[in-house]
Amino acid sequence: MSAETLLLTILLLPLAGAAGIIITRRNPDVREGVTLLCSALIAALVVVLANRFMDGETFALTLIEPVPGIAISFKIEALGMLFALIAGILWLVTSIYAIGYMRGHNEQNQTRFFAAFAVSIAATMGIAFSANLFTLFLFYELLTLSTYPLVTHAGTPEAKQGGRVYLGILLGTSIALFLLGILVTWSLTGRVDFEPGGILSGHIDPAWAGLLYALFLFGIGKAAVMPFHRWLPAAMVAPTPVSALLHAVAVVKAGVFTILKVTIYIFGSDFILSNDVTGGLIWMAAATILIASMVAMTKDNLKARLAYSTVSQLSYIVLGAMLASKAGLIGASMHIAMHAFAKITLFFAAGAIFVAWHKKKVSELNGLGRAMPVTFTAFFIGTLSIIGLPPFGGMWSKWYLALGAVETTQLLLLAVLMISSLLNIIYLLPIPIRGFFSKPESGEHYTEIAEAPKSILLAMVITSTACIILFFYPDPFYRLASLAVGGY
């Protein structure tokens, strides 16, 4: 298969899968078979593509050029390959989980759910392989629109309100700020292509570069930098597989990926460091890290606590991008992967608890680990990876982020990272401890094992095991991150 054909297949296959899901809607077994087949093929093709890319093969594809100099085009570079690899693998795992969850919880409108899920992965792949800001913006907006039906899936007033907040913030920021940043970049340089080393040097007064960076920072609302973060907790009204999609596979990772891509391929590390472009803005990321962690400590609802944890962890990536040093950018790129596997494990566990025992609050989990040992063990592993302890993959990304702070002599930012890790311990570690060691609430007796359906357990075992494997073998993501950073 030629490089262009392989790339086009990855972009179109999820859309074909969505069509197949709709056509087979009257037979749930066949419909779910289409979901699994499509997600398995995407995972396999993305791995093949990554291997060919690492062997030095180049991939580029232009579909149409609606305006001279601005095309809908795709090109594979290291950072996009890293993001696509994560999304492709985790879509398969999330599909396995979602089938068990949707059946176990007897959810309505499952055909719409799986079809929208497939379209959102197509949008994610479009974002990952975009060759310019114009193409990325189109797929960024498609991702927002395709995930809206997932957020409002329950159809309750609460779900509809959460969907309005979700859509309002993400579309508002992207149209008012992100699009404006793209237009300013176009007017200054006459182009919007992603290029190693950036395209802005020599085209913008360094005194104004910080303002342009701010348009991207706050315009890319999916990165959830405060104060444009409320959409993420609001979206927790969605079913847990959607929460996993939002927090690990697609939406938030698309946000921080876009921040990194703009930093590396539009501004360029040398331009940022030599002109102190992100000097004041970096403290917005630092504040988000700490404030979101402190808010997470106050949340008794398990998914709400995990949502604010995600807000905090995303700004680790944003902070690493704005450090703009080699170590900082490697740490930020790797944290996309390490956080994805750890956080999806935590959301899988939260969903398993809800399906098996209908419990949503941390205060209700006392002793439940005795009935759900697999679930709470997986949650414990994901927690330790989020904290950044060995032998779990999260240690490596935090290590490089800390090196990036030292490399740029930003010792206060190093302190922020250390304090945040301590806060991670405070709001996450008590959950598995409660489950295994606290006495059950009065009237509760956990004497038998009662786990969620097997497909849910399988998904959790895969992602929690990956958290361990990535400590001993982070090489695929480290190599891609190093190539992206060294590309300029």
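This is a tour of three helix pairs, one pocket and one cavity in a predicted model.

**Stop 1: the largest pocket**

Start by selecting Met-236, Val-237, Ala-238, Lys-303 and Lys-360, the lining residues that lie nearest the centre of the largest pocket. The space in this pocket comes to about 530 Å³. Its full lining is made up of 22 residues. To see where part of that lining comes from, colour helix 8 (231–234), helix 13 (302–323) and helix 14 (326–357), each of which supplies at least two of the lining residues. By class, the pocket lining has 12 nonpolar, 5 polar and 5 charged residues.

**Stop 2: helix 13 against helix 16**

Keep helix 13 on display and add helix 16, residues 394–407. The two axes come within 10 Å and cross at roughly 40 degrees, which makes helix 13 oblique to helix 16. Their crossing is left-handed. For the contact, show side chains on both helices: Gln-313, Tyr-316, Gly-320 and Leu-323 belong to helix 13, while Lys-398, Leu-401, Gly-404 and Ala-405 belong to helix 16. These contact residues divide into 4 nonpolar, 3 polar and 1 charged. Leave Gln-313 of helix 13 selected, since the next stop returns to it.

**Stop 3: the cavity**

Which residues line the largest cavity? Gln-313 is one of them, and the others to add to the selection are His-335, Met-338, His-339, Ala-342, Ser-385, Ile-386 and Gly-394. The structure holds 1 cavity of 30 Å³ or more, and the space in the largest cavity is about 30 Å³. Helix 14 gives the largest share of the lining, 4 residues. Helix 14 and helix 15 each contribute at least two residues to this lining. Sorted by class, the cavity lining has 3 nonpolar, 5 polar and no charged residues. Ser-385, in the cavity lining, also takes part in the contact at the next stop.

**Stop 4: helix 15 against helix 19**

Select helix 15 (residues 373–387) together with helix 19 (residues 454–472). How far apart are the axes of helix 15 and helix 19, and at what angle do these helices pack? The axes are 9 Å apart and the packing angle is about 30 degrees. Helix 15 and helix 19 are therefore roughly parallel to each other, an angle under 35 degrees being counted as such. Helix 15 passes helix 19 in a left-handed crossing. On the helix 15 side, show Val-374, Thr-375, Ala-378, Ile-381 and Ser-385; on the helix 19 side, show Leu-457, Met-460, Val-461, Ser-464, Cys-467 and Ile-468. The residues of this contact comprise 8 nonpolar, 3 polar and no charged.

**Stop 5: helix 17 against helix 18**

Finish with helix 17, residues 411–428, and helix 18, residues 430–437. Their axes lie 5 Å apart, and the helices pack at an angle of about 30 degrees. Helix 17 and helix 18 are therefore roughly parallel to each other. Now select Ile-425, Ile-426, Tyr-427 and Leu-428 in helix 17, which meet Pro-430, Ile-431 and Pro-432 in helix 18. The contact of helix 17 with helix 18 has 7 nonpolar residues, no polar residues and no charged residues.

Methods:
Residues numbered from 1 in each chain as written. Predicted model: local features only at pLDDT ≥ 70, side-chain atom pairs only at ≥ 80, totals over all residues. Heavy atoms only, no water. Axes fitted to C-alpha atoms, helices over the stretch in contact; angles between N-to-C directions. Parallel < 35°, antiparallel > 145°, perpendicular 65-115°, else oblique. Contact = heavy atoms within 4.5 Å. Nonpolar A, V, L, I, M, F, W, Y, C, P; charged D, E, K, R; others polar. 1 Å grid on protein atoms, 1.4 Å probe; cavity = no way out; pocket = protein on both sides within 12 Å on 5 of 7 lines; lining within 4 Å. Points joined across faces, edges and corners; volume = space filled by probe spheres on them. Left-handed = near helix turned anticlockwise from the far one by under 90°.
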